[in-house]
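Biologist: I would like a close look at a single part of this protein, followed outward into the parts around it. Please take your time over the answer and keep it connected.

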Amino acid sequence: HREKAALTPVQTQPADFLPTDTPVPVLGHVAVQSLPVPSVRNDHHGNTRSGNHQVQRKRLLSKVSATGAFNNPDGVTVSEQGEIFVADSGNKRIQVFNLQGTFLCQFPTVTSSQWNKDWRMTPSDVSIDRHGNLWVVGVMGQADLAVQYNKQGRMMRDFELQRADCLRGVAVDTWTNHILITQVAGDRGNLHGEVQVFRPDGKFLGTVGRQHRMKSPEYITVGREGNILVSDWRNHCVYVYNGDG
């Protein structure tokens, strides 16, 4: 693999993507069934009639937690073999499908015993490294974590992240095997975001994008040429950086 120098600050200009009418080829579809939300009715005293509502709610929860169903899916990544990995945050698991939408397998987002072996992390994003392993970021209690799994769901390692005020994304630079994770800090009137870069062992290497006044970077990916693309939903744009930041 090509070796790259350590990240150094460079003066670059972010590129903004604007909407386009250019058609995008469709490779396949994954169908997600919409589930009805039970209505809540009040009696003439203003109290909720809970009997039937509670039964419907339990049925609804059992449906969204069923195999192949989602409860607040967030991040997604696709392997070179055509496997779609989805961070099913509400169910605290990763689900796997093929490009035709057929369910393949799933595994819970467990972490190491140092956090609490009986807890599962709520995942917000997932990415694949150059060895075919998965990196998942999320929250468990008061801890923000990055966790590495193999494709069968066995946890390989994890490390703690700085607390963030928003959902975070993760990507892997397959040239260097560096882990890139979005980070947001500050209060609502003074949010500032960046991309933090780590080695797989959790060693912090540096940041990308701090000088460009990101507010809420969330999803992130690394292109084939090593360019880093970051979506900032508060600034309504996508930032693009070269591999050196």
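**A close look at V126 and its surroundings**

Modeller: In this predicted model, V126 has its place in strand β5. With a relative accessible area of 2%, V126 falls under the 20% limit and therefore counts as buried. Leaving aside neighbours within four places in sequence, V126 is in contact with G75, V76 and T77, with F85 and A87, with L134, W135 and V136, and with V170. One of these partners, V76, is 50 residues away from V126 in sequence, yet the two C-alpha atoms are 6.0 Å apart in space.

L134, itself a contact of V126, leads on to the next set of neighbours. Again without the residues within four places in sequence, L134 is in contact with F85, F107, V126, S127, I128, V147, Q148, Y149 and N150. F85 thus appears among the contacts of V126 and also among those of L134.

From here the view can widen to the largest nonpolar core, which has 15 residues, and in which F85, I94, M121, L134, V136, L145 and Y149 touch the most other members. At least two residues of this core come from each of the strands β2 (84–88), β3 (93–97), β5 (122–128), β6 (134–140) and β7 (143–149), and β7 gives the most, with 4 residues. Apart from this core lies another, made up of 13 residues, including V197, M214, I220 and V230. As a general background, nonpolar side chains in soluble globular proteins tend to be buried together.

The aromatic residues form a further layer of the picture. The count of aromatic pairs comes to 7, and one of them joins F70 and F97 in a tilted arrangement, with 5.6 Å from centre to centre and 55° between the planes. Because F70 lies in the loop between α1 (50–64) and β1 (73–78) while F97 lies in strand β3, this pair ties together parts that are 27 residues apart in sequence. F70, at 15% relative accessibility, counts as buried, and F97 is buried as well, with a relative accessible area of 4%. F159 and F198 make another tilted pair, with 5.2 Å between the centres and 40° between the planes. This second pair links distant parts of the chain, since F159 is in strand β8 (residues 155–161) and F198 in strand β11 (residues 192–198), 39 residues apart; both rings belong to buried residues. W135, which is in contact with V126, forms one aromatic cluster with F159, F198 and F204.

Another contact of V126 is V170, and β9 (170–173) is an edge strand of a sheet, as is β12 (204–208), each of them pairing on one side only. The sheet is open, has 4 strands in the order β9-β10-β11-β12, and is paired in the antiparallel sense. On average, and with direction ignored, its neighbouring strands are turned by 30° against each other. Between β9 and strand β10 (residues 178–185) there are 4 bridges, and D173 has H178 in β10 as its bridge partner.

Key: Residues are numbered from 1 along each chain as its sequence is written. This is a predicted model: local features need pLDDT of at least 70, side-chain atom pairs count only at pLDDT 80 or more; totals for chains, interfaces and linings use all residues. Side-chain values use heavy atoms; hydrogens and water are left out. A nonpolar core is a set of buried Ala, Val, Leu, Ile, Met, Phe, Trp, Tyr and Cys residues joined through side-chain atoms within 4.5 Å. Buried means under 20% relative accessible area, exposed over 50%, partly exposed in between (1.4 Å probe, protein chains only). Contact means heavy atoms within 4.5 Å. Two strands pair if DSSP finds at least two bridges between them. Axes are lines fitted to C-alpha atoms, for helices over the stretch in contact, and angles run from 0 to 180 degrees between N-to-C directions. Rings of Phe, Tyr and Trp (its six-membered ring) pair if their centres lie within 6.5 Å; planes under 30 degrees apart count as stacked, over 60 as edge-to-face and the rest as tilted.
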